[in-house]
Amino acid sequence: MSTVEATTTALVTESAPDNKTRRYDRQLRLWAASGQSALENARILVVSGGATATSILKNLVLPGVGHFTILDPLPVTPEDAGNNFFLDGLNSVGKSRAEEGVRLLLEMNDGVDGKADTRSLEEVLDTPGGKEWLGEFTLVIAVNLEKGPLERLAAVLWEEESFPPLVVVRPAGFLAEFYIQYHEHTVIESHPETAQSLQIDRPFPALLDYAMSLDFENMDVTDHGHVPYVVILVRVLEEWKKTHDGLPPQNAAEKVQFKKNILAMRKKPDEENFEEAEAQAYRAWTKTVVPSETRALFDDAKVISPSSVEAPFYKLVRALKKFVEGSGALPLTSTLPDMKASTSAYIDLQKLYKTRAEEEKEVFRGCLSEACGGDIKAIGEDMIDAFVKNSHALKLLRGKRWAALDEDHEALVLATQTSSKQLAVHLALSALSNFLAKSKTSGQTLSAEALTAEAQKLLPDGTELPEEFEDCVGEVVRSPTAELPNTAALLGGLVAQEAIKMITRQYVPINGYCIVDLVETWTGIL
Amino acid sequence: MSSESSTLVHDWPGRYHHIDQVLNTPGPRTDPGFLAGDGVKDFLRNKAKILVIGAGGLGCEILANLALTGFKDIHVIDMDTIDISNLNRQFLFRQKDVGKPKATVAAQFIMNRVPGVKVTPYFGKIQDKDDDYYLQFDLVICGLDSVEARRWMNATLVNLVDPEKPDSLKPMIDGGTEGFKGQARVILPTITSCYECSLDMLNKPTAFPICTIANTPRLPEHCIEWASVLEWPRVHGDKKMDTDDPDHIGWLYKVAAARAAEFKIEGVTWSLTQGVVKNIIPAIASTNAIIAGTDGVYSYTFEHEKRDDCPVCGGEAVDMTINSDTTVEQLIEILIEKQDIQIKKPSLSTSTKQIYLQAPPQLEQATRPNLEKKVSELVPPGGEITVTASTLPFSLSLRISYEA
């Protein structure tokens with residue numbers, strides 16, 4: 001055993017990961033244990049057991065969703081057996097589509113619980129207690145439902161804010177759309193691309209003291225080449241302010257001079273830490289601000305007026321507002337990016353940031369305690385930590401009822417101008433749904449003319465259909481009931497991905513319709 | 001149902017009810033060349049021969065989609081065996097399959113599930129196969145995880161094109177995913193831009209300078225790199241590190257954790273150790289399904305430019321201007337730095353002499369003195385240098401000119 005090994009055995013406690021961790025390794029790197037736990041506690045209801053529905057479920061069963069139910073009264077047809085991967089060819093024909101789907105989906109993951117329910121949606125909705133039964137799911141996904149039952153389902157799930165969100169999926173050949181109906185959705189861990197500010201323009205006292213205490217002139221040459229750029233910038237900025245009325249560089253000329261001042265400090269021409277400081281100089285004059293989206297949260301009606309049943313998110317935002325009023329900025333980050341530095345200089349700087357971040361978190365906890373009337377235990381340390389770390393990227397999404405767009409004339413007219421190709425697909429699919437509901441009684445045959453007339457009815461008088469509509473309607477007419485394997489696979493991926501975002505409350509899900517056109521290969525948001 | 005009997009099952013009435021809706025009639029935007037009806041159905045179901053490269057996350061999706069679409073003659077190549085960490089997305093594999101070849105298990109699964117489809121697996125490398133093998137297919141679809149394999153496949157298909165024989169042009173569809181993101185593109189060798197044309201668009205892999213790793217570690221990753229790059233060879237000599245061996249990862253983790261403790265660096269974990277040494281890219285089923293279907297929620301499409309000076313499909317030598325004082329060693333450094341070539345250990349020669357060869361050792365030794373010589377002493381202005389490297393699936397011709 002080498003000496004390194006001998007000295008370490010004592011301090012290492014983590015052993016090789018267990019089978020479950022190994023199985024889920026690649027996804028845990030995306031949503032961590034907290035996201036996985038949310039997924040494993042989730043209960044999903046999928047209405048319909050067709051090819052698109054099982055494609056969606058496949059991508060939820062594989063990562064380990066807790067439970068799913070397929071609600072479908074229909075037997076497997078030869079047509080189903082031809083396009084659904086979760087049926088066993090002709091062997092499945094005549095059996096329950098829900099039961100066959102559940103059986104073959106569960107083969108992929110023993111950790112998942114699945115149930116087939118062979119009632120129809122109408123039966124559930126007509127049963128006393130049906131509403132409560134629906135309410136116990138985390139998320140409901142409805143694929144290719146007829147207009148009538150779909151509208152009933154959407155209306156029921158919209159009744160209470162506590163009812164599960166509803167994902168409505170409508171495919172027709174190469175075209176498709178899906179929509180997530182929710183009242184609101186809050187996200188703390190949005191996984192933003194941008195890091196929190198290092199607040200170099202307003203250095204905290206310990207950082208400023210440290211930067212001012214260094215004797216750059218008489219420093220050892222090696223040490224000089226390893227002072228982190230953050231420290232260099234704080235120092236140069238402070239010196240600058242002394243001769244500029246306490247202000248950072250104001251214009252292009254001053255900024256150039258500021259950079260020259262940085263480079264003038266070098267002892268050797270190849271000191272990379274000073275080059276890095278020059279490249280990062282903008283951080284010295286970029287004012288640390290509260291992002292406008294966060295600021296807007298502070299003025300949200302729900303933040304202003306506390307309620308007894310509100311989500312912890314609102315208490316946290318209220319506390320953040322209080323914190324910002326006191327300190328003028330969001331809580332300091334405790335994470336330092338890598339930079340040219342010696343180990344000790346970097347670790348010292350990291351310690352300064354961590355200590356200060358802890359102090360600011362304490363202040364935040366004080367604000368939170370005030371917002372909660374003294375008791376912050378219910379919120380939990382993990383959530384407080386995550387909230388502080390992500391306070392620059394909080395998200396509050398407010399959604400609309402399913403089909404609200406189709407009743408909003410103003411929004412439709414606007415969409416003909418701003419998102420005509422997305423709207424064209426949506427109108428074609430809505431027209432198809434409306435037509436099919438009526439043709440049951442009228443017996444009218446499907447045609448481009450009939451769908452165009454339906455679509456025109458959706459728009460206010462005098463508004464023209466988007467020019468892309470004709471192509472979309474042609475596509476719908478040739479394949480009105482087709483669930484193509486490729487479209488199903490794509491929707492399976494998209495819908496499952498959005499479902500995972502909703503369930504884990506990580507990353508930012510869509511707010512509106514996602515429109516898919518696989519003839520021209522694009523997706524868009526309406 | 002065994003594959004034996006499944007090949008006897010004939011298409012049943014209604015089997016292709018869904019897909020036939022788009023095959024029977026053209027749509028408003030289908031290509032004028034698309035001949036809807038029996039011809040296209042016959043081609044798809046009875047004639048087309050498709051090659052899928054890679055039976056991983058994307059490969060599993062592609063195979064299932066092709067089979068359901070009606071393709072009956074599918075071939076699949078993959079050199080890997082199944083690991084437990086594949087099971088969160090590679091849905092043709094089960095716990096009991098861990099350790100078995102991906103290509104074989106995937107092929108068997110598809111044949112069991114989708115009656116009448118023949119999937120022919122090959123458990124091995126794409127480089128094992130020759131031009132005649134690739135010439136038999138109508139389409140090549142790649143779900144690969146390495147740049148090197150994509151470059152080889154791309155170069156092979158470009159070289160396959162014989163202007164006299166239109167059939168020799170094999171369209172290639174290439175996909176890739178990373179976490180929630182991914183991409184897919186179609187390459188028509190010699191007609192559209194090829195993979196090599198846009199090589200400079202790839203992100204440079206994260207590489208930590210060796211002096212940081214050795215002297216000034218700051219991040220947990222630096223400690224892990226120290227353990228794998230410096231300590232492993234020092235302690236274990238020639239014994240190869242196997243990043244799939246939990247004992248090896250365990251050793252690296254311990255050594256990295258000790259170094260981190262020594263430098264007061266926080267954050268070395270088992271998972272991070274594995275992530276860094278295996279260069280793990282997060283992967284989930286939903287993204288693979290999207291890419292196999294095509295693009296994502298926030299998707300966009302753009303056209304890659306075909307580069308006239310592309311070393312694979314440009315067909316010409318690449319012009320390069322260097323200083324007349326540039327030494328062979330400096331030229332090698334310049335080549336390694338070039339983002340649009342991406343080579344590690346290039347060997348250089350002209351049509352008449354060897355300039356510098358990385359291997360075998362005898363030739364390396366014999367050509368080493370040339371490293372210090374000026375290129376201008378060895379190659380006349382306008383002369384060509386042939387560059388080869390193990391990571392380069394073709395030989396690159398450089399036409400050298402010298403700065404005045």
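# Notebook: sheets and the interface of chains A and B

**Entry 1, the six-stranded sheet.** I began with strand S1 (residues 49–53) and strand S4 (residues 139–143) of chain B, and found that they run parallel and are joined by 4 bridges. As an example of how these two strands line up, I noted that B:Ile53 stands opposite B:Cys142 in S4(B). I keep in mind throughout that this is a predicted model.

Next I looked at where this pair belongs, and found an open sheet of 6 strands in chain B, ordered S3-S2-S1-S4-S5-S6, in which the pairing is mixed. Which strands stand at the edges? They are strand S3 (118–123) and S6 of chain B, and because each has a single partner strand, one side of each is left without a neighbour in the sheet. I also wrote down the twist, which averages 15° from one strand to the next.

I then asked which helices pack on this sheet. One of them is H4(B), which touches S1, strand S2 (73–78), S3, S4 and S5 of chain B, and whose direction makes about 165° with that of S1(B). Another is helix H7 (residues 147–160) of chain B, which touches S1, S4, S5 and S6 of chain B and makes about 170° with the direction of S5(B).

**Entry 2, a hairpin in that sheet.** I followed strand S5 (residues 172–178) and strand S6 (residues 181–187) of chain B, which pair in the antiparallel sense over 7 bridges. Here B:Ile173 stands opposite B:Val186 in S6(B). The two strands form a hairpin with 2 residues between them, and in the turn I found B:Gly179, with a positive phi of about 60°.

**Entry 3, the five-stranded sheet.** Chain B also holds an open sheet of 5 strands, again with mixed pairing, in the order S7-S11-S10-S8-S9. Strand S7 (318–322) and strand S9 (354–356) of chain B stand at its edges, and since each has a single partner strand, one side of each is left without a neighbour in the sheet. The twist in this case averages 35° from one strand to the next. For a closer look I chose strand S8 (residues 347–349) of chain B, which runs antiparallel to S9(B) and is joined to it by 2 bridges; within this pair, B:Ser349 stands opposite B:Gln354.

**Entry 4, where the two chains meet.** How many residues of chain B are in contact with chain A? I found 83 residues of chain B in contact with 84 residues of chain A. The size of an interface is often given as the accessible area lost when the parts come together. In this structure, chain B and chain A bury about 7,300 Å² between them, with 60% of it on carbon and sulfur atoms.

Across this interface I noted 25 residue pairs in polar contact, both residues being at pLDDT 80 or more. Several helices of chain B each supply at least two residues of the side that touches chain A, among them helix H2 (17–24), H4 (57–69), helix H9 (220–236) and helix H12 (285–293). By class, that side of chain B has 40 nonpolar, 28 polar and 15 charged residues.

**Entry 5, one helix against another.** I returned to H4(B), whose axis comes within 9 Å of that of helix H26 (residues 485–504) of chain A, the two crossing at roughly 150°. Which residues meet here? A:Pro485, A:Asn486 and A:Ala489 in H26(A) meet B:Asn65, B:Leu68 and B:Thr69 in H4(B). The residues of this contact divide into 3 nonpolar, 3 polar and no charged.

**Entry 6, salt bridges.** Over all chains the structure holds 56 salt bridges, and across the interface of chain B and chain A there are 8. In one salt bridge, B:Arg218 pairs with A:Asp338, the closest N and O atoms being 2.6 Å apart. In another, the side chains of B:Glu266 and A:Lys354 meet at 3.0 Å, N to O. B:Glu266 lies in the loop between H10 and H11 of chain B, and A:Lys354 lies in helix H19 (residues 343–371) of chain A, so this pair joins two chains.

**Entry 7, backbone exceptions.** Most residues other than glycine have a negative phi, and most peptide bonds are trans. I therefore marked A:Ala32, in helix H3 (residues 25–40) of chain A, whose phi is near 60°, a positive value in a residue other than glycine. I also marked the peptide bond from B:Ala359 to B:Pro360, which is cis, with omega near -10°; B:Pro360 has its place in the loop between S9 and helix H14 (361–367) of chain B.

Notes:
Residues are numbered from 1 along each chain as its sequence is written. Chains are lettered from A and ligands numbered from 1 in the order in which they are written. This is a predicted model: local features need pLDDT of at least 70, side-chain atom pairs count only at pLDDT 80 or more; totals for chains, interfaces and linings use all residues. Side-chain values use heavy atoms; hydrogens and water are left out. Contact means heavy atoms within 4.5 Å. Buried area is the accessible area (1.4 Å probe) that two parts lose on being put together, summed over both. A salt bridge is a side-chain nitrogen of Lys or Arg within 4 Å of a carboxyl oxygen of Asp or Glu. A polar contact is a pair of N or O atoms within 3.5 Å; within protein, one must be able to donate a hydrogen and the other to accept it, and residues adjacent in sequence count only if both atoms are side-chain atoms. Ala, Val, Leu, Ile, Met, Phe, Trp, Tyr, Cys and Pro count as nonpolar, Asp, Glu, Lys and Arg as charged, and the others, Gly among them, as polar. Two strands pair if DSSP finds at least two bridges between them. Axes are lines fitted to C-alpha atoms, for helices over the stretch in contact, and angles run from 0 to 180 degrees between N-to-C directions.
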